[in-house]
Amino acid sequence: MTAEDYLTGQVLLIDKPLNWTSFQAVNKLRWEIRQAFNIKKIKVGHAGTLDPLATGLLVICTGKKTKEINIYQGQIKEYTGTIVLGSTTPSFDLETEINLRFPTEHISKDLIHKTTKQFIGDIEQFPPVFSAIKKDGKRLYEFARAGEDVEIKPRNVNISEFEITNIDGLNVNFRVVCSKGTYIRSLANDFGKALNSGAHLSALRRSKIGSFNVNDAISIEGFIAGLKD
């Protein structure tokens with residue numbers, strides 16, 4: 001593609017690697033496009049944040065296509081991942097260390113499958129305190145890292161599918177189809193509570209956004225190599 005193609009607008013499907021923020025991915029692609037075509041300025045943005053510890057589909061828009069970001073953000077999303085039963089972390093994932101452990105002897109495979117039904121449909125969910133949501137001009141994770149208590153309001157989300165794909169001891173693999181604004185980390189934490197135990201997220205991958213599929217996405221390295229061809 002040419003510089004004009006990127007300025008006119010492209011929708012790029014990127015497979016975000018582990019430990020990258022969505023912001024870092026956008027900045028890297030913007031810089032590489034500018035360098036490849038000697039462009040002084042170009043708009044680049046993503047249509048839905050992925051946590052650093054999550055991998056998978058990141059829809060990135062360039063140029064005039066950035067005006068369509070809100071359309072893609074509002075589309076249904078699909079995730080796969082792993083929930084670990086019997087323990088919790090403050091961040092609901094592996095960003096922070098385990099702080100509490102709970103009994104799991106009462107949890108059967110049948111109970112795990114049955115409990116998913118509690119989360120199908122419209123549900124109320126509290127976002128994690130370790131999240132990028134803003135309150136009083138600060139990100140929630142800034143309050144959390146400073147050890148400050150902050151009131152978090154629940155939000156209404158929709159989960160249309162919650163499927164358990166494999167159970168290996170305390171590791172529960174799943175697939176979820178959900179609305180914009182759903183926190184899978186919060187789902188993992190709430191799932192543990194519903195099992196009268198605890199739980200946290202150990203892996204997460206976004207596989208779909210609307211009709212876009214991660215199978216059609218390219219790695220950041222692959223995108224950069226394509227620019228240089």
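**Exercise 1.** Determine which residues His200 touches in this predicted model, leaving aside residues up to four places away in sequence, and whether His200 is buried or exposed.

*Solution.*
Step 1. Locate the residue: His200 belongs to strand β12, residues 199–209.
Step 2. List the contacts: His200 touches Thr82, Ile83, Val84, Ser87, Thr88, Thr89, Phe92, Asp93, Leu94, Ile98 and Ala188.
Step 3. Examine Ser87: a polar atom of the His200 side chain lies 3.0 Å from the backbone oxygen of Ser87.
Step 4. Classify: buried means under 20% relative accessible area. His200 has 3% relative accessibility and therefore counts as buried.

**Exercise 2.** Establish how many residues of helix α6 are buried, and which residue pairs with Arg185 in a salt bridge.

*Solution.*
Step 1. Helix α6 spans residues 184–194, and eight of its 11 residues are buried.
Step 2. Among the buried residues of α6 are Arg185 and Ala188. Ala188 is also one of the residues that His200 touches.
Step 3. Arg185 and Asp51 meet through their side chains in a salt bridge, 2.9 Å from N to O. This pair links distant parts of the chain, 134 residues apart, with Asp51 in the loop between β2 (44–46) and β3 (54–62).
Step 4. Arg185 counts as buried because its relative accessibility is 2%, whereas Asp51, at 25%, counts as partly exposed.

**Exercise 3.** Identify the network to which the salt bridge between Glu163 and Arg175 belongs.

*Solution.*
Step 1. The closest N and O atoms of Glu163 and Arg175 are 2.9 Å apart.
Step 2. Glu163 lies in strand β10 and Arg175 in strand β11.
Step 3. Salt bridges with shared partners join Glu78, Glu161, Glu163 and Arg175 into one network.

Notes. Residues are numbered from 1 along each chain as its sequence is written. This is a predicted model: local features need pLDDT of at least 70, side-chain atom pairs count only at pLDDT 80 or more; totals for chains, interfaces and linings use all residues. Side-chain values use heavy atoms; hydrogens and water are left out. Buried means under 20% relative accessible area, exposed over 50%, partly exposed in between (1.4 Å probe, protein chains only). Helices (H or I, at least four residues) and strands (E, at least two) are DSSP runs, numbered from the N terminus. A polar contact is a pair of N or O atoms within 3.5 Å; within protein, one must be able to donate a hydrogen and the other to accept it, and residues adjacent in sequence count only if both atoms are side-chain atoms. Contact means heavy atoms within 4.5 Å. A salt bridge is a side-chain nitrogen of Lys or Arg within 4 Å of a carboxyl oxygen of Asp or Glu.
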